Amino acid sequence: MAPPKSDQHRVNDRIRAREVRLIGPDGDQLGIKPVPEALRMARGLDLDLVEVAPMANPPVCRIMDYGKFRYEEAQKAKEARRKSTNVTIKEVKFRPKIGKGDFNTKMRHLIEFIEDGHKVKVTLQFRGREMAHPELGRKILDDVIESVGPIAKVENQARMEGRSMSMVLSPDKQAQEALRKAAEEAERQAAAAEKAAEEARAAESAGDEPAVAEAPPAVSGDE
């Protein structure tokens, strides 16, 4: 059974069916189980119960680490997109007196290009009297380098080309891989924290259920 492909599937206590056909974390067929029992099995392994085939009768659920699954699927999609795209040199143009909002918008596009594996030519366009102040352009380029962070490196240093100043950035694959691993670890920790909170809420709900009163002991007629 393939893992779920949609982001809109039911997980753990959101599963509405009374019983499900259960698949273990290694793909083993575990038979038809009541949902409470399937949940206990998943939580006993510190994993999630995920509904992977809601239209089946009964619905099919799989035990898996849902947070890890979603993160890995997103990374696979990004990697596939990167490999299917021919590496080209994109260009992002700035002005020496660019506003903060426009700067941030252009930086988002620039970072997307870098993450997709493209090189980026950053160009400063000067007009009129701006030509007398090349330091303004260098300041913008320095801000670009600082904002893009470690995911890119300067391939060609800034230089003047007529009325423009430009430099070329290229992806730093080692730095991107290190950031990817750090993000994956943070995702795992967040998923573990969310799971612990969910279990705490479930335990609290169970503690709020009224206790069943025990029947008094039978009195013998000989007493």
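How much area does the protein expose, and what percentage of it do carbon and sulfur atoms supply? The protein exposes about 14800 Å² (Shrake-Rupley method, 1.4 Å probe), and carbon and sulfur atoms supply 50% of that area.

What you have open is a predicted model, in which local features need pLDDT of at least 70 and side-chain atom pairs count only at pLDDT 80 or more, while totals for chains, interfaces and linings use all residues. Residues are numbered from 1 along each chain as its sequence is written, and side-chain values use heavy atoms, with hydrogens and water left out.

Begin with the whole protein, coloured by secondary structure: there are 5 helices and 8 strands, taken as DSSP runs numbered from the N terminus (helices H or I, at least four residues; strands E, at least two).

Next, select the open sheet of 4 strands, whose order is β5-β6-β8-β7 with mixed pairing, where two strands pair if DSSP finds at least two bridges between them. Its edge strands are β5 (89-94) and β7 (152-161), each pairing on one side only.

Now select β5 together with β6 (residues 119-125): the two run parallel and are joined by 6 bridges, and Ile89 stands opposite Lys119 in β6.

Then add helix α3 (residues 100-115), which lies across β5, β6, β7 and β8 (164-171) and runs at about 170 degrees to β5; axes are lines fitted to C-alpha atoms, for helices over the stretch in contact (heavy atoms within 4.5 Å), and angles run from 0 to 180 degrees between N-to-C directions.

Finally, select helix α4 (residues 134-148), which packs on the sheet, touching β5, β6, β7 and β8, with its direction at about 15 degrees to that of β8.
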